[in-house]
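User: Can you walk me through how the helices pack in this one? I'd like to start with one pair and work outwards.

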Amino acid sequence: MNNNAINCSLPTREIDLKEANVLLREYLETSRGEQFYVWQIFARIYTQKLWKQAGYENFTDYCFQVWGYGKTHAYNLVKAGEVINHLLKFIKLHPNIHINLPTSVKETVALAKIPESKRINAWISYQASKSSALLTSPTFKTREVQHQINLEKSIDLLLSSFCLQDIFT
């Protein structure tokens, strides 16, 4: 399994809004790179309508009053969590296939616009094109270039050794 997918999924047990808020505050205040958790928690708060436990009329009111997030940002966090959950399910089902998870809300929102059946292929293609673009940059150090070459080779090998459309349908 890839490095940034290890241990970045929330426990499957139910959590209430109070626990979700504590977890969010901890992750947001420590800035330890747990954006995956933050996104997953917002998705869970939204899908399970946890904001109702504290008497908020809707998800947008909860996000604004508790976190200061506007409607667009709040819903982008939900989309990010849903995309991460989808990718993590794929990674668990296919541990030999190496994919990195998105590291920004912008990437996850773009992926959310793609139907789930095509999302993994799109993400793998994006990663391959991104690594190809990085290889053309003259500022990369030798070790970083070698890492990108190895990553690209493994994606090429993956794409040639699997019929990905059969896996994803």
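Analyst: Sure. This is a predicted model. Start with α2 and α4: their axes come within 7 Å and cross at roughly 105°. That makes α2 roughly perpendicular to α4, since angles of 65 to 115 degrees count that way.

User: Which residues of α2 meet α4?

Analyst: On the α2 side, Phe36, Trp39, Gln40, Phe42, Ala43, Tyr46 and Thr47. They meet Tyr75, Leu77, Val78, Ala80, Gly81, Glu82, Ile84, Asn85 and Leu88 in α4.

User: How does that contact of α2 with α4 divide into nonpolar, polar and charged?

Analyst: It has 11 nonpolar residues, four polar and one charged.

User: OK, α3 next. At what angle do the axes of α2 and α3 cross?

Analyst: Roughly 135°. The axes of α2, residues 35-47, and α3, residues 59-67, come within 10 Å. The two helices are therefore oblique to each other.

User: Is the crossing of α2 and α3 right-handed or left-handed?

Analyst: Right-handed. From α2, the contact uses Phe42, Ile45 and Tyr46. From α3, it uses Phe59, Tyr62, Cys63 and Trp67.

User: How many polar or charged residues in the contact of α2 with α3?

Analyst: None of either class. The contact has seven nonpolar residues, no polar and no charged ones.

User: Back to α2 itself. How many of its residues are buried?

Analyst: 10 of its 13, so α2 is mostly covered. The buried set is Phe36, Tyr37, Val38, Trp39, Gln40, Ile41, Phe42, Ala43, Arg44 and Ile45.

User: What covers the buried residues of α2?

Analyst: The cover includes α1 (17-30), α3, α4 (71-93) and α5 (105-112).

User: What span should the 13 residues of α2 have at 1.5 Å a residue?

Analyst: 18 Å. The C-alpha atoms at the ends of α2 are 18 Å apart, which agrees.

User: And what follows α2?

Analyst: Lysine 49 comes after α2. Its phi is positive, near 50°.

User: Zooming out, how many helices and strands in the protein?

Analyst: Eight helices and zero strands. From the N terminus, the order is α-α-α-α-α-α-α-α.

User: What share of the protein is buried?

Analyst: Buried residues are 38% of the 169 in the protein.

User: Last one. Of contacts between residues at least 6 apart in sequence, what share join residues at least 24 apart?

Analyst: 64% of those contacts in the protein.

Note on methods:
Residues numbered from 1 in each chain as written. Predicted model: local features only at pLDDT ≥ 70, side-chain atom pairs only at ≥ 80, totals over all residues. Heavy atoms only, no water. Axes fitted to C-alpha atoms, helices over the stretch in contact; angles between N-to-C directions. Helix = DSSP H or I, 4+ residues; strand = E, 2+ residues; numbered from the N terminus. Parallel < 35°, antiparallel > 145°, perpendicular 65-115°, else oblique. Left-handed = near helix turned anticlockwise from the far one by under 90°. Contact = heavy atoms within 4.5 Å. Nonpolar A, V, L, I, M, F, W, Y, C, P; charged D, E, K, R; others polar. Expected span 1.5 Å × (residues − 1). Buried < 20%, exposed > 50% of the residue type's maximum accessible area, 1.4 Å probe, protein only.
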